[in-house]
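Colleague: I should be grateful for a close look at one part of this structure, the aromatic rings and their surroundings. Please explain each term as it arises.

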Amino acid sequence: SSGINAEWPLRPGKVGVLMKNLEMQGIIVVKDQKKGVLMITEVNFAHPSLRGVKKLEKEEEEVEEEENIAIVQAFTCNAHVTRLFSLYGHKKGDILSRKTLRDNVITYIKSHDLADPDNKKLVRLDPLLSTIIKTRDLTAQWNQVIQKVESNCGKCYVISLPDKFPITVKGDLPPIQFKVEKRTGNKKVTIISNFEVFGIEAKELAQKLQHVMSSSAAVVPGLRTESNVLVQGDARRLASKLLIDEYKIPKTFVDSS
C-alpha cells in the first residue's frame with residue numbers, strides 16, 4: 001500500500017457508496033475528514049483489481065504479479081442494527097467493512113458522550129446500544145460493544161477475483177469440500193464441490209485435475225444449480241495442492257480432511 005491524501009466531496013448514493021465499497025474490498029482506506037467529505041488515506045496497489053496500475057510518484061519497471069484471490073469478511077446492515085448505521089448514511093442491506101463498522105460505532109459513542117469518564121475501558125450504554133447488543137447492563141467494555149454489534153449484523157464475504165467483478169456471499173462461506181466414495185469394484189472416486197463460488201469453472205478444474213491425477217475427471221451435477229467435479233481415485237492431496245498453489249485459494253477454504 002502507499003500513502004495518499006485525496007479529498008472527495010460526497011454525493012449521496014454515488015461517490016460515497018463507491019468509496020465505501022472499494023474500502024470494503026480492500027482496495028482503499030478512507031477516513032471521514034469532515035461532514036460530507038471522505039479522504040482516501042491509502043491505496044492498495046497490490047490488490048488484484050489494480051494490477052498494472054502504476055504509482056505516479058515512482059517510475060518503476062512493470063513487475064508481473066501473481067493473480068491472487070482476496071477474501072474479506074464483511075457485515076450486512078440488517079434490521080436490528082439499521083437504526084445505528086443509518087446515522088452514517090447506510091441503509092438496510094448495505095455491506096460494511098469491519099473498519100467502517102468499528103469507525104461508525106466509535107464515532108457514535110464519542111459523539112453521544114458515552115465514554116465512561118471514570119473508567120476509560122467502559123462505555124455507558126444508552127437505549128440504542130443496549131438494544132443492539134441485547135443487554136440490560138448499564139456499561140460494557142469498548143471491545144465488547146464492538147464485537148456484539150458485529151455479531152448482531154449479518155455476515156458476508158467479499159471475494160475479489162483477478163479480472164472479474166467481486167462476488168458477495170451472504171452468510172458463512174463454506175470451504176471447497178472433498179468427499180471420497182467407494183464405487184463398484186471397491187474403486188475410489190473423489191467428489192469436489194463448492195468451488196464455483198470462488199470463481200473456478202467446473203470444466204477447467206476437471207481438465208486440470210485429469211492432467212494432474214493422470215486419471216479421468218468429469219463435471220457432474222451438484223446441489224441446486226452448482227456443478228461438482230468427480231475424479232477417479234483419492235484426489236484430496238493433489239487437488240488441494242492445485243487449488244492452493246495455482247488458484248491461490250487460502251488454505252482456510254480448502255477442506256481436504
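Modeller: The account below turns to the aromatic rings and then to the nonpolar core. This is a predicted model, in which local features need pLDDT of at least 70 and side-chain atom pairs count only at pLDDT 80 or more, while totals for chains, interfaces and linings use all residues. Residues are numbered from 1 along each chain as its sequence is written, and side-chain values use heavy atoms, with hydrogens and water left out.

There are two aromatic pairs in the structure (rings of Phe, Tyr and Trp, the last by its six-membered ring, with centres within 6.5 Å; planes under 30 degrees apart are stacked, over 60 edge-to-face, the rest tilted). Tyr157 and Phe253 pair edge-to-face, at 6.2 Å centre to centre and 85° between the planes. Because Tyr157 belongs to strand β8 and Phe253 to the loop between α7 and β14, this pair ties together parts 96 residues apart in sequence (helices, H or I, of at least four residues and strands, E, of at least two are DSSP runs numbered from the N terminus). Tyr157 is buried, with a relative accessible area of 13%, and Phe253 is buried at 12% (buried means under 20% relative accessible area, exposed over 50%, partly exposed in between, with a 1.4 Å probe and protein chains only). Phe198 and Phe253 form a tilted pair, 5.9 Å centre to centre with 55° between the planes. Phe198, in the loop between β11 and α6, is 55 residues from Phe253, and Phe198 is buried too. Tyr157, Phe198 and Phe253 make up one aromatic cluster.
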